[in-house]
Amino acid sequence: MNGQPRKESQRDPVEEIDKIHETVRDRATQLEALTQRFTELSRKHGELDARTASLSGTVRSVGARTDSLESRLDEVRSDLDRVTGDVAGLLEQYARDQAVLTARFELSRVTEEWRETFGGRRRIRDLARRLVRRVTPESVRQGSIDTADIDRSVREHLLQDPGFWLAHAMIAVSARLAGNDEFERVAARQAQELAPGRTPLFLALVAAKSGDHARAGDRMDEYLREADPDRLGGDFLAVLDATAAMELGERARTHVRAALERWAADAAGLHAASGAGGGRWRARLEGLPTPPGDAYAPFDRACAQWSELRRGLQLADVTQATLAHLRKEFPPRAAEPEATGHRTPYAEAAVDRLIDHMDPDEAAMHAAMGRWNHYIAHDADEEAARREHDRLLDADADVMDVATLLDHAVFRPSLIALGDDARRLVLGTVLDDIRTTAEELAQRSSRLRPRTVTVAIEGWSAELPAALAVPVDARGLADELTAELRTRAETEAGAVRPRQPRRIGGVTGGAAALVLALFLLDGALVWLGMVLGSAAVVWGLLDIARVPAERRRALAAGTARSARAQQELGLVLDRRIRFFADWDSRLALRAALRDWSPDSR
């Protein structure tokens, strides 16, 4: 039994080695299989990496293509927007072109209608200018003006346009030159029925050119009776220049002056009826003086009635400012200068303006043509065309009422197209009213002047006479002011009193603190008590020195205040004299204003 196991354990070593070799070979085989498998996996992993890299490249390529596509898409959108804008612009321009084309057709239609209706009037106007140019005293006296051709042309025009006043007026002039008085009256009456205002003016101007000033004056009287003083235009201004230059004769000048005086009186009546008060020229004259500013300081600050005094001086200054304005705008006439060149007579310019003046229906059609022209010029921009048209209409709208004409001619010459002679003629019709208004304001200024004025300096006040003839005791006022301020300073110094509670309380309280500190306190508290007690004693004793120091300061301040007050009093008295002297000198100019004349040389 025992031998058998031992026998089993004794195996053959060769067999054991073979088994080990076999095991090693199995492991080697397995290892080789694993190696092959690993190699295969590595190869597949490499292929996978290659495919991954290829896929990444493809993705990047797709991304790049996507970005390129988005960029091209943005470009397409931009192109589309641009094309859309271009199309919109083209459509808008097309609409404008269509509107302009329609406007051109409409302008052509209106122009053609104007030519058919009023085209012949241009030739009549040219004939009228030629006729008027040829009319002179010599040609009328010699009878050298042949009007046959003009009569024939005008009569032919009247067959188509019987409502044109200038044609009838030309026939009247032609009849006058031919000596046919009856035919002249008939033609003049027909022209006046069509143009009640322009016909007598045209005939007056032609009569003046022919040297017949008596007839020109009569025609001017007819024109002025028909004129509307609330609507005086450029025609009247031109006539006013011609009349003032004596180109229409003394009779016409007399009629114009009388009309201006009548219209001015009516305007003054309307002003009074409106309840404005103060006269028609009051506001204008009160606006002429310039404010005095600080010219009278410190009198203006010291005077209690300064607002009333300033108003009175302003009213007195109206006389001086009015006289200065009139002397500046209407200086003395110098000797007549030698003619340095040819000047178109005012009457001739007035005739040209009158000839070119359109009738309402003609002017309306001409305005329509102007609107279409502006519409086309601004490429169918209706708003811009309207602004341009309105601007030109405003430039031509020189109509004004007689009150505005009088005001501009005298006080605002830059706003009216009038010559110096015409402005002097206008001034002559209103100068008495201006003088009267200035005199009324001067009298009101005198009523506002008080007998005395009250001045106050540093609480001291005194009454001073407003009349410079009354003497003022400057030294007595200065002494009174000094005494007043000295008394006030002494009163202020005397009001400084000792503070007994401070003295008694500080000294007794401090002494008590010292005693208590020495007998009741220990250590550091002793020193604290002694310091506090000493401080209280010193605080109480300092009041003894405070009283004389504050009294000295009060007296010194009073002395300085008195010095300033004396200086201010001197200035106040000096400016008072200047103020009332200026007031007197301005009121003294009333006689100069009454005697001043625009025709002085």
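Trainee: Before I start clicking around, what is a polar contact here?
Mentor: A polar contact is a pair of N or O atoms within 3.5 Å, and within protein one of them must be able to donate a hydrogen and the other to accept it. Keep in mind that you are looking at a predicted model.

Trainee: Thanks! Can we try that on Glu247? Which backbone atom lies 3.0 Å from a polar atom of its side chain?
Mentor: The backbone nitrogen of Tyr346 does.

Trainee: Where does Glu247 lie?
Mentor: Glu247 is in the loop between helix H10, residues 234–244, and helix H11, residues 249–273.

Trainee: And is Glu247 buried or exposed?
Mentor: Buried: Glu247 has a relative accessible area of 17%, and the cut-off for buried is under 20%.

Trainee: Okay, let's zoom out. How many helices and strands does the chain have?
Mentor: The chain has 23 helices and two strands.

Trainee: How much of the chain is buried?
Mentor: Of its 601 residues, 35% count as buried. On the outside, the chain exposes about 35500 Å², with carbon and sulfur atoms supplying 54% of that area.

Trainee: What share of the contacts comes from residues 24 or more positions apart?
Mentor: Taking the contacts with a separation of 6 or more, such residues account for 76%.

Trainee: Now the inside. Which residues touch the most other members of the largest nonpolar core?
Mentor: That core has 84 residues, and those touching the most other members are Met170, Phe202, Met220, Phe236, Leu240, Trp263 and Leu405. Helix H19, residues 420–448, gives the most to this core, with nine residues. Apart from it lies another core of 28 residues, which includes Phe299, Leu313, Phe579 and Leu587.

Trainee: Let me pick Leu405. What does it touch?
Mentor: Leaving out residues up to four places away in sequence, Leu405 touches Leu232, Phe236, Leu237, Leu240, Met400, Ile416 and Val426.

Trainee: You mentioned H19. Which residue that Ile434 touches should I look for, beyond its sequence neighbours?
Mentor: Ile434 is in helix H19 and is buried, with a relative accessible area of 0%. Not counting residues up to four places away, Ile434 touches Trp281, Leu285, Thr322, Val410, Phe411 and Leu427. Try Leu285: the C-alpha atoms of Ile434 and Leu285 are separated by 8.2 Å, although the two residues are 149 residues apart along the chain.

Trainee: And Thr429, buried or exposed?
Mentor: Thr429 counts as buried, at 11% relative accessibility, and its place is in helix H19 too. A polar atom of the Thr429 side chain lies 2.6 Å from the backbone oxygen of Val426. Beyond four places in sequence, Thr429 touches Arg257, Leu260, Glu261 and Leu406.

Trainee: Switching topic to rings. How many aromatic pairs are there?
Mentor: A search of the whole structure finds twelve. One of them is Trp306 with Phe579, a tilted pair at 5.2 Å centre to centre and 55° between the planes.

Trainee: Why does that pair tie together parts far apart in sequence?
Mentor: Trp306 lies in helix H14, residues 306–329, and Phe579 in helix H22, residues 524–587, so the pair joins parts that are 273 residues apart in sequence. Trp306 and Phe579 are both buried. Phe580 and Trp583 form a stacked pair, 6.1 Å centre to centre with 10° between the planes.

Trainee: Where do Phe580 and Trp583 lie?
Mentor: Both are in helix H22, three residues apart, about one turn of the helix. Phe580 is buried at 0% relative accessibility, and Trp583 is buried at 0% as well.

Trainee: Which residues form the aromatic cluster?
Mentor: Tyr296, Phe299, Trp306, Phe579, Phe580 and Trp583 form one cluster. Also look for Arg449: its charged end sits over the ring of Trp583, 5.2 Å from the ring centre.

Trainee: What is Phe579 in contact with, past its sequence neighbours?
Mentor: Leaving aside residues within four places, Phe579 is in contact with Tyr296, Phe299, Trp306, Leu309 and Leu313. Phe579 and Ala297 are 10.0 Å apart, C-alpha to C-alpha, with their positions 282 residues apart in sequence.

Trainee: Last one: which residues of helix H15 are buried?
Mentor: In H15, residues 346–356, the buried ones are Ala347, Glu348, Ala350, Val351, Asp352, Leu354 and Ile355. Their cover includes helices H3, H6, H8 and H10.

Terms used
Residues numbered from 1 in each chain as written. Predicted model: local features only at pLDDT ≥ 70, side-chain atom pairs only at ≥ 80, totals over all residues. Heavy atoms only, no water. Helix = DSSP H or I, 4+ residues; strand = E, 2+ residues; numbered from the N terminus. Buried < 20%, exposed > 50% of the residue type's maximum accessible area, 1.4 Å probe, protein only. Contact = heavy atoms within 4.5 Å. Areas by Shrake-Rupley, 256 points an atom, 1.4 Å probe, with all protein chains shown as cover. Core = buried A, V, L, I, M, F, W, Y, C linked by side-chain atoms within 4.5 Å. Phe/Tyr/Trp six-rings, centres within 6.5 Å; stacked < 30°, edge-to-face > 60°. Lys NZ or Arg CZ within 6 Å of the ring centre and 35° of its normal.
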